Amino acid sequence: MGVAALGDRAARQPELTVVELPQASLDSGLDLPGDSTWAIALRRSLLAWYAETGRDLPWRRSRDPYAIWISEIMLQQTQVTTVMPYYQRWLVAFPTVQALAAADQTAVLKQWEGLGYYARARNLHRAAQQVAQEHDGVFPKTFALALTLPGIGRTTAGGILSAAFNQKTAILDGNVKRVLARLVALDRPPAKALAPLWAISEALIDPDYPRDFNQALMDLGATVCKPKQPECDRCPWRSHCQSYNLGIQSEIPMREAARPVPHKIIGVAVIWNKSGKILIDRRRQEGLLGGLWEFPGGKLEPGESLEDCVRREVKEELDIEIAVDDQLMSLDHAYTHLKVTLEVFNCRYLSGEPKPLECDEMLWVTLDEIEQYPFPKANTKIIAALKAAASN
Ligand code: SF4
């Protein structure tokens with residue numbers, strides 16, 4: 001059923017009255033009744049709002065668990081507008097679980113290139129192989145089995161099972177945490193109140209329309225109850241929302257004390273050989289950006305010059321000697337928990353047979369061939385600079 005089909009049902013809903021969640025229920029946490037007047041009122045008002053304003057998104061037109069699964073993973077920590085072109089391209093490249101399972105990891109990461117949080121793509125690939133081998137290529141319909149797949153936790157399983165099979169499985173992603181925290185004026189950061197927040201999500205989910213309810217909750221967080229400046233004037237939960245009624249919606253959810261973000265300087269080598277090819281290597285599977293390709297290099301040590309850093313890192317990583325020539329560029333890049341400055345040098349290969357000492361493999365490639373390999377975002381800027389220099 002599409003969003004529009006909710007319109008008739010919504011039109012039949014009676015007028016709503018304001019019902020507050022008893023604070024004792026929040027503190028006891030785990031036994032919120034789903035048939036309370038509070039839960040029923042919130043459910044009805046949200047579904048009626050969704051019938052009017054729900055977004056028409058491609059994965060909402062599908063009941064294919066695979067397509068929905070892809071959308072759920074891509075939407076983790078990523079906005080709909082960013083996901084949209086990736087989602088469309090992905091389903092062309094890998095239209096089925098079997099196609100994804102059979103693909104090479106480099107092809108999978110290439111499709112994901114630029115979307116960030118690459119562990120999602122690696123886990124998706126491994127999970128597709130597990131579904132192909134253990135479940136005949138069909139996404140498991142039970143919550144317990146869904147949780148056995150790499151990259152699928154409680155909220156992702158809830159999102160997929162409710163969207164694909166209309167199962168009554170609750171969700172609690174970042175947006176939903178924020179909405180529910182505001183709804184009850186949560187007096188602590190959501191990370192310190194996961195059990196009560198899950199209990200609220202479980203209590204609220206509509207037993208008859210769990211698919212629409214979860215989708216509506218996601219829309220509410222993404223389009224109305226936004227992180228900054230929630231648009232309470234057009235919120236279906238305004239009259240029930242304790243943060244709104246107390247005028248404290250901009251202070252909720254409470255934040256954990258911010259940790260300082262470390263900054264590292266990285267020396268990067270673009271190593272050319274005499275045939276005009278460049279040496280690239282593939283990062284190990286474990287850790288940040290695992291499985292992606294990159295230019296060799298590493299962290300500047302205290303007291304070290306950038307040139308010495310580049311030479312040392314290349315020796316440690318690949319066991320070859322290079323000459324460090326001119327600096328190509330310097331660029332800053334921010335990850336969630338880390339900021340880096342890449343100091344990039346043109347280098348010449350001198351001697352030694354490259355060995356993958358601190359990487360999975362390496363390759364000599366031309367500037368044209370380099371496009372076939374998935375690189376982290378910061379490295380794609382280096383490639384663009386190399387291409388610009390080559391065309392001048
Ligand atoms: S009233 Fe405002 S703060 Fe409360 S749920 Fe709605 S948008 Fe969020």
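Two residues count as being in contact here if their C-beta atoms, placed from the backbone, lie within 7 Å. By that yardstick, and leaving aside neighbours within four places in sequence, Phe345 is in contact with Val268, Ala269, Val270, Val310, Val324, Asp325, Gln327 and Leu328. This is a predicted model, and Phe345 turns out to be a handy way into its interior. The largest nonpolar core has 64 residues, and Phe345 is among those that touch the most other members, along with Ile160, Ala269, Val270, Ile271 and Cys347. Helix α4 (residues 65-74) gives the most to this core, chipping in seven residues. Since domain 1 (6-251) and domain 2 (263-391) both give residues to the core, it lies between them. Apart from it lies another core, this one of 41 residues, including Leu32, Tyr50, Ala51 and Leu204.

Zooming out, the protein has 16 helices and seven strands. Its C-alpha atoms fill a box of roughly 80 × 45 × 40 Å along the principal axes. Of its 392 residues, 40% count as buried. Among contacts between residues at least 6 apart in sequence, 69% join residues at least 24 apart.

As for how the two domains meet, their centres, taken over C-alpha atoms, are separated by 39 Å. Nine residues of domain 1 are in contact with nine residues of domain 2. On the domain 1 side, helix α7 (residues 105-112) supplies the largest share, with five residues. That side is an even mix by class: three nonpolar, three polar and three charged residues.

Then there is the ligand. It is surrounded by 14 residues, and the closest are Cys225, Cys232, Cys235, Cys241 and Gln249. Two elements, α11 (174-183) and α14 (242-246), give two or more residues to the shell around the ligand. Of the elements, α11 gives the most, with three residues. Sorted by class, the shell has ten nonpolar residues, two polar ones and two charged ones.

How far can the model be trusted? The mean pLDDT of the protein is 91, and 92% of its residues reach 70 or more. The stretch to watch is residues 1-19, where the pLDDT is below 50; beyond near neighbours in sequence, this stretch has 25 contacts in the model. Where pLDDT is low, the predicted coordinates should not be read in detail.

Methods. Residues are numbered from 1 along each chain as its sequence is written. This is a predicted model: local features need pLDDT of at least 70, side-chain atom pairs count only at pLDDT 80 or more; totals for chains, interfaces and linings use all residues. A residue is near a molecule or strand if its C-beta atom, placed from the backbone, lies within 6 Å of it. Helices (H or I, at least four residues) and strands (E, at least two) are DSSP runs, numbered from the N terminus. Ala, Val, Leu, Ile, Met, Phe, Trp, Tyr, Cys and Pro count as nonpolar, Asp, Glu, Lys and Arg as charged, and the others, Gly among them, as polar. pLDDT is the predictor's confidence in each residue, from 0 to 100. Domain bounds come from an automatic or database domain assignment. A residue is buried if 20 or more other C-beta atoms lie within 10 Å of its own, exposed if 12 or fewer, and partly exposed in between; C-beta atoms are placed from the backbone. A nonpolar core is a set of buried Ala, Val, Leu, Ile, Met, Phe, Trp, Tyr and Cys residues joined through C-beta atoms within 7 Å.
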